[in-house]
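Biologist: I keep running into labels that I'd like to see justified. Can you take me through them, cut-offs included?

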Amino acid sequence: MVEEEISVPSPLKEKIIPAKILEREDTFSQEFSSTGRVLKEGRAKGFIRVYNNHSTSPQVLVANTRFVSGDGKLFRSIKRERIPGQKWEGGRLVAGFIDIEVIAAEAGQEYNIGPSNFSIPGLAGTPLFFALHGQSFQPMEGGFRKKVAQVTSQDLKEAENILTEKSKQKSKESLKLEIPSGLSLLNQAISQEIISSSFSKKAGQEAESFTSEVKIKTKGLAFQKAELEKFIQKHIEENLPADKLFLKESLNFNSTLKSVNFVENEMILSLEVGGKIFPVIDKNFIKKESIGKSIQDMKLFLKEQPEINKIEIKTFPFWLQRIPADFERIKISLKFDPVK
């Protein structure tokens with residue numbers, strides 16, 4: 001946290017007290033679930049060995065030639081293929097063959113079939129139908145049809161709003177926890193700015209979840225409560241009638257923020273002040289008037305003083321019935337009503 005003091009001239013005259021600038025930067029992150037759903041499909045692929053038992057001449061199969069498995073699953077060749085013709089091996093004529101890549105006609109896991117035999121329906125009704133056939137030795141793979149999670153623009157917007165609010169609250173709490181002793185910081189005297197926000201995924205990307213990150217700057221204008229109390233006491237003393245006394249211990253006040261300017265780093269407070277005011281009692285006058293008086297006359301004299309509402313006279317030794325004639329031996333103490 002950064003702490004900076006703003007110094008000002010003539011606080012009492014200008015009705016200004018020093019303020020302190022408190023600043024901190026925080027980074028918060030949170031993981032959120034994606035709510036978008038999109039259908040994703042894939043077609044199974046694999047290899048078929050195509051045999052040519054028709055003649056020693058090669059046979060050409062065009063791209064997209066259909067191959068049907070024994071259980072009726074349709075696959076197509078990916079490109080034009082040339083099937084070698086028969087050849088002589090060990091004194092006998094054997095089929096020529098080539099392994100070609102095929103892809104399922106439709107998406108879905110039902111096309112992930114195991115090793116199978118294949119016919120070529122396009123050759124039905126011709127001698128080639130039985131002479132050319134296919135066989136796979138490995139399962140077909142990659143066929144699927146499912147809904148997958150997807151990040152939406154609404155997900156990103158809501159995540160940013162949620163994390164921003166949480167970040168503001170947490171950063172504000174952290175600022176308050178680090179306030180030096182004696183400083184007072186009002187909630188309204190706190191400003192917050194989002195410096196940056198980012199996401200681990202973009203809208204439209206497939207993901208079950210994503211992370212949002214927010215960087216925030218929190219700034220507060222605080223003041224020393226003691227400085228404000230000093231200002232209030234001075235203000236009261238300067239405006240108090242000469243015959244009145246303000247009891248400092250009774251001072252109480254509430255401060256309300258009227259306005260704040262974070263650019264100029266200044267704020268205006270409205271103060272509601274309370275306390276107890278008593279008439280000034282001239283102790284020397286009372287001492288002079290009490291010299292040599294009887295205790296009874298002294299009580300009557302004190303009761304005539306409107307600013308006094310309770311009297312207690314103690315003598316030493318206790319049997320003395322008159323006030324001493326020695327001015328210095330007379331002690332007067334004032335007690336004010338307790339502060340509630």
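Biologist: Which residues is S77 in contact with, leaving aside its neighbours within four places in sequence?

Modeller: Contact means heavy atoms within 4.5 Å. On that basis S77 touches V62, A63, N64, T65, F67, I100, E101 and V102, with neighbours up to four places away left aside. Bear in mind that this is a predicted model, where local features need pLDDT of at least 70, side-chain atom pairs count only at pLDDT 80 or more, and totals for chains, interfaces and linings use all residues. Residues are numbered from 1 along each chain as its sequence is written, and side-chain values use heavy atoms, with hydrogens and water left out.

Biologist: Why is S77 called buried?

Modeller: Buried means under 20% relative accessible area, exposed is over 50%, and partly exposed is in between (1.4 Å probe, protein chains only). S77 comes out at 2%, so buried it is.

Biologist: What does the side chain of S77 reach?

Modeller: The backbone oxygen of V62, at 3.2 Å. A polar contact is a pair of N or O atoms within 3.5 Å; within protein, one must be able to donate a hydrogen and the other to accept it, and residues adjacent in sequence count only if both atoms are side-chain atoms. S77 itself sits in strand β7, residues 74-77. Strands are DSSP runs of E, at least two residues, and helices are runs of H or I, at least four, with numbering from the N terminus.

Biologist: N64 was on that contact list. What makes N64 partly exposed?

Modeller: Its relative accessible area is 48%, so it falls in the in-between class. N64 is in the loop between β5 (59-61) and β6 (66-69), and has a positive phi of about 75° without being a glycine.

Biologist: What about E81, buried or exposed?

Modeller: Buried: 8% is under the limit, so the label holds. E81 belongs to strand β8, residues 81-83, and its side chain makes a polar contact with that of K79 at 3.4 Å. Beyond its neighbours within four places, E81 is in contact with Q59, V60, L61, I98, I100 and E101.

Biologist: How do you know that A95 is buried?

Modeller: A95 has 17% relative accessible area, so it passes. This residue is in the loop between β10 (92-94) and β11 (96-104), touching Y51, N52, N53 and Q86 once residues up to four places away are not counted.

Biologist: And L221, how accessible is that?

Modeller: Just 1%, so it counts as buried. L221 lies in strand β17, residues 209-224, and its contacts past four places in sequence include L185, A189, N261, N265 and E266.

Biologist: N261 and N265 are both there. Which class does N261 fall into?

Modeller: N261 is at 29%, so partly exposed is the right term. It is in strand β18, and a polar atom of its side chain lies 3.0 Å from the backbone nitrogen of E264. N261 and A189 are 72 residues apart in sequence, yet their C-alpha atoms are 8.9 Å apart.

Biologist: Why does N265 get the buried label?

Modeller: Its relative accessible area is 18%, so it qualifies. N265 is in the loop between β18 (244-261) and β19 (266-279), and has a positive phi of about 55° although it isn't a glycine.

Biologist: Zooming out, how many helices and strands are there?

Modeller: The protein has 6 helices and 19 strands. Its radius of gyration is 49 Å, well over the 20 Å from the globule rule for 340 residues, so it is more spread out than a compact globule. That radius is taken over C-alpha atoms, and the rule is 2.2 Å times the number of residues to the power 0.38.

Biologist: What does the C-alpha trace span?

Modeller: About 160 × 45 × 30 Å along its principal axes. Of the 340 residues, 33% count as buried. For contacts with a separation of 6 or more, 71% come from residues 24 or more positions apart.
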